[in-house]
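Student: Could you take one part of this model and look at it closely, going through the packing around it with the cut-offs behind each term?

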Amino acid sequence: MIRLRVLELLGSQGKTKYWLYKQLGMSYQNFNNMVQNKTQSIRYENIETICRLLGCTPNELFEITDE
């Protein structure tokens, strides 16, 4: 299973989930489902924006788990 590591990256940078939500400009329900790994797809545009905002690469943003 591929897991999005947004919350860990935000925490390590001292930024909040609310800050990222405001930067992305998407609905809160969709945003919350995305960061809680409760969605089946993420737009490339959102991946790119998150990486730019957090100064990370897609490799740092995602991890593969055995779940």
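Tutor: Let us start from F31, which at 0% relative accessibility counts as buried, where buried means under 20% relative accessible area, exposed over 50% and partly exposed in between, with a 1.4 Å probe and protein chains only. The model is predicted, so to speak of local features a pLDDT of at least 70 is needed and side-chain atom pairs count only at pLDDT 80 or more, while totals for chains, interfaces and linings use all residues. Residues are numbered from 1 along each chain as its sequence is written, and side-chain values use heavy atoms, with hydrogens and water left out.

F31 lies in helix α3 together with Y28, the two being three residues apart, about one turn of the helix; helices are DSSP runs of H or I with at least four residues, numbered from the N terminus. Unlike F31, which is buried at 0%, Y28 is partly exposed, with a relative accessible area of 41%.

The aromatic side chains deserve a careful look. Rings of Phe, Tyr and Trp (its six-membered ring) pair if their centres lie within 6.5 Å, and the planes are stacked under 30 degrees, edge-to-face over 60 and tilted for the rest. By this rule there are four aromatic pairs. One of them joins Y18 to Y21, with 6.1 Å from centre to centre and 50° between the planes, a tilted arrangement. Y18 and Y21 are three residues apart in helix α2, and are therefore separated by about one helical turn; Y18 itself is exposed, its relative accessible area being 55%. In the pair of Y28 and F31 the ring centres are 6.3 Å apart and the planes stand at 45°, so this pair is tilted. Y18, Y21, Y28 and F31 form one aromatic cluster.

The helices that carry these residues also pack on each other. Helix α2 (residues 17-24) and helix α3 (residues 28-35) meet at an angle of about 125°, with their axes 11 Å apart; axes are lines fitted to C-alpha atoms over the stretch in contact, and angles run from 0 to 180 degrees between N-to-C directions. α2 and α3 are therefore oblique to each other, the word left over once angles under 35 degrees are called roughly parallel, over 145 roughly antiparallel and 65 to 115 roughly perpendicular. On the α2 side, K17, L20, Y21 and L24 make the contact, and on the α3 side Y28, F31, N32, M34 and V35 do, with contact meaning heavy atoms within 4.5 Å. The residues of this contact divide into seven nonpolar, one polar and one charged; Ala, Val, Leu, Ile, Met, Phe, Trp, Tyr, Cys and Pro count as nonpolar, Asp, Glu, Lys and Arg as charged, and the others, Gly among them, as polar.

Helix α2 has a further partner in α1: the axes of α1 and α2 come within 10 Å and cross at roughly 110°, and the two helices are therefore roughly perpendicular to each other. Here V6, L7 and L10 of α1 meet K17, W19 and L20 of α2, and the residues of the contact divide into five nonpolar, no polar and one charged. L10, found in helix α1 (residues 6-13), is buried, with a relative accessible area of 2%. Leaving aside its neighbours within four places in sequence, L10 is in contact with K15, T16, K17, W19, L20 and L54.
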